[in-house]
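Take a moment with the sequence and the structure. The paragraphs after them give a guided walk, from the whole chain down to single residues.

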Amino acid sequence: MSLSQEDRIRGYDAYITGLCAQEDAALRGARERTEQAGLPAIAVPAAEGKLLQVLVRAVQAKRILEIGTLGGYSAIWMARALPADGTLISLELEQRHAEVARENLAQAGLAGRVEIRVGDALSSLAQFREEHAPLFDVIFIDADKSGYIRYLDAALPLLRIGGLMLADNTLSDIVLDPSNHERTKPYCAAAAAHPALLSVITPQLREDHIDGLMISLKVSDASD
Ligand code: SAH
Ligand code: MG
């Protein structure tokens with residue numbers, strides 16, 4: 001069978017999604033309302049949402065921190081893997097995105113399990129540290145790409161040992177150019193070399209191209 005690379009990626013994605021990551025009405029509705037509200041269509045694909053859900057369940061997470069809410073699509077996937085007394089806190093800069101997300105989470109029956117904090121994520125992270133907030137089991141970074149490296153420093157102290165630091169959009173053609181250090185590359189280099197983290201970048205299918213989710217397990221409190 002002769003297929004273009006794009007068609008192969010689309011076919012693989014349709015196969016995984018059909019078998020493992022079919023959207024129900026709440027997820028479909030969240031995606032549609034996000035688009036109708038004029039927000040960008042940059043949520044994780046369904047198959048990656050399912051991967052997030054599997055990871056949340058694998059570490060038996062009760063507290064999840066998300067950096068970058070958009071319309072709450074990835075939050076729905078993750079919050080559904082929480083126990084009834086679990087919590088997901090999602091940080092979002094744009095008031096309007098937070099409003100759309102709150103509606104989507106309510107429609108999914110998750111309003112009681114998810115809190116959205118509006119403001120710059122770095123300030124919210126500093127506040128968590130000042131308040132000695134209980135540690136998180138999973139932290140999912142998916143906001144402004146140049147901010148990832150700062151989010152790593154600010155968020156790692158908030159993650160328990162045995163918890164997962166996840167970072168979306170970590171694989172693109174930028175990695176093919178060794179002289180290019182833009183977007184999430186500084187984060188990936190730092191996470192890969194960090195003594196407290198056991199890390200790998202997993203390729204993720206996105207319609208007709210490939211992106212990535214970096215998965216880092218916190219194995220100690222070492223900082224250098
Ligand atoms: N996780 C979402 C997609 C997030 S898109 C999903 O997969 O469904 C990235 C989001 O990060 C946008 O909503 C954007 O407004 C937000 N963002 C950008 N800069 C931010 C900052 N400094 N602090 C918090 N959120 C930010
Ligand atoms: Mg993303």
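What follows moves from the overall fold to a metal site, and then to a few individual positions.

Keep in mind that this is a predicted model. Begin with the fold. The protein has 8 helices and 7 strands. Its C-alpha trace spans about 55 × 45 × 30 Å along the principal axes. Does that fit a compact globule or not? The radius of gyration gives an answer: the protein has 17 Å, and a compact globule of 224 residues would have a value near 17 Å, so the two agree.

Next, look at how the chain packs. Of the 224 residues, 48% count as buried. Contacts tell a related story. Take those with a sequence separation of 6 or more: 70% of them come from residues 24 or more positions apart.

Now turn to the surface. The protein exposes about 10800 Å². Carbon and sulfur atoms supply 54% of that area. Charge comes next. There are 22 positive and 31 negative side chains. The centres of these two sets lie 5 Å apart.

The metal site deserves a closer look. Which residues coordinate the magnesium ion (ligand 2)? They are Asp142 (OD), Asp168 (OD) and Asn169 (OD1), at 2.0 to 2.2 Å. Along the chain, these donors follow the spacing D-x25-D-N. Asp142 and Asn169 link distant parts of the chain, 27 residues apart. Asp142 sits in the loop between strand S4 (136-141) and helix H7 (148-155). Asn169 belongs to the loop between strand S5 (159-168) and helix H8 (185-193). Are these two residues buried or exposed? Both Asp142 and Asn169 are buried.

Stay with the loop between S5 and H8 a little longer. Asp173 is found there too. Its setting is an exposed one, because its relative accessible area is 64%, and exposed means over 50%. Asp173 and Thr87 are 86 residues apart along the chain. In space, their C-alpha atoms are separated by 35 Å.

Follow the chain on to the segment after strand S7 (209-218), where Asp221 has its place. Ser220 is found in the segment after S7 as well. What does each of them touch, leaving aside residues up to four places away in sequence? Ser220 touches Ile161, Pro195 and Ala196. Asp221 touches Ile161 and Ala196. The C-alpha distances add to the picture. Ser220 and Gly162 are 58 residues apart along the chain, yet their C-alpha atoms are separated by 8.1 Å. Asp221 and Pro195 are 26 residues apart in sequence and 8.6 Å apart in space, C-alpha to C-alpha. Even with its contacts, Asp221 counts as exposed, because its relative accessible area is 60%.

Finish with two backbone angles. Phi of Leu70 is near 50 degrees, a positive value in a residue other than glycine. His132 also has a phi near 50 degrees, and this residue, too, is not glycine. Where do they sit? Leu70 lies in the loop between strand S1 (63-67) and helix H4 (73-79). His132 is in the loop between helix H6 (121-130) and S4. Their surroundings are described by accessibility. Leu70 counts as buried, because its relative accessibility is 13%, and buried means under 20%. His132 counts as exposed, because its relative accessibility is 71%.

Note on methods
Residues are numbered from 1 along each chain as its sequence is written. Chains are lettered from A and ligands numbered from 1 in the order in which they are written. This is a predicted model: local features need pLDDT of at least 70, side-chain atom pairs count only at pLDDT 80 or more; totals for chains, interfaces and linings use all residues. Side-chain values use heavy atoms; hydrogens and water are left out. Helices (H or I, at least four residues) and strands (E, at least two) are DSSP runs, numbered from the N terminus. The radius of gyration is taken over C-alpha atoms; the globule rule is 2.2 Å times the number of residues to the power 0.38. Buried means under 20% relative accessible area, exposed over 50%, partly exposed in between (1.4 Å probe, protein chains only). Contact means heavy atoms within 4.5 Å. Accessible areas come from the Shrake-Rupley method with a 1.4 Å probe; for residues, only the protein chains shown count as cover. Lys and Arg count as positive and Asp and Glu as negative; His and the chain ends are not counted. The place of a charge is taken as NZ of Lys, CZ of Arg, CG of Asp or CD of Glu. Donors are N, O and S atoms within 2.8 Å of the metal (3.2 Å for Na, K and Ca); water is not among the atoms, so sites may look incomplete.
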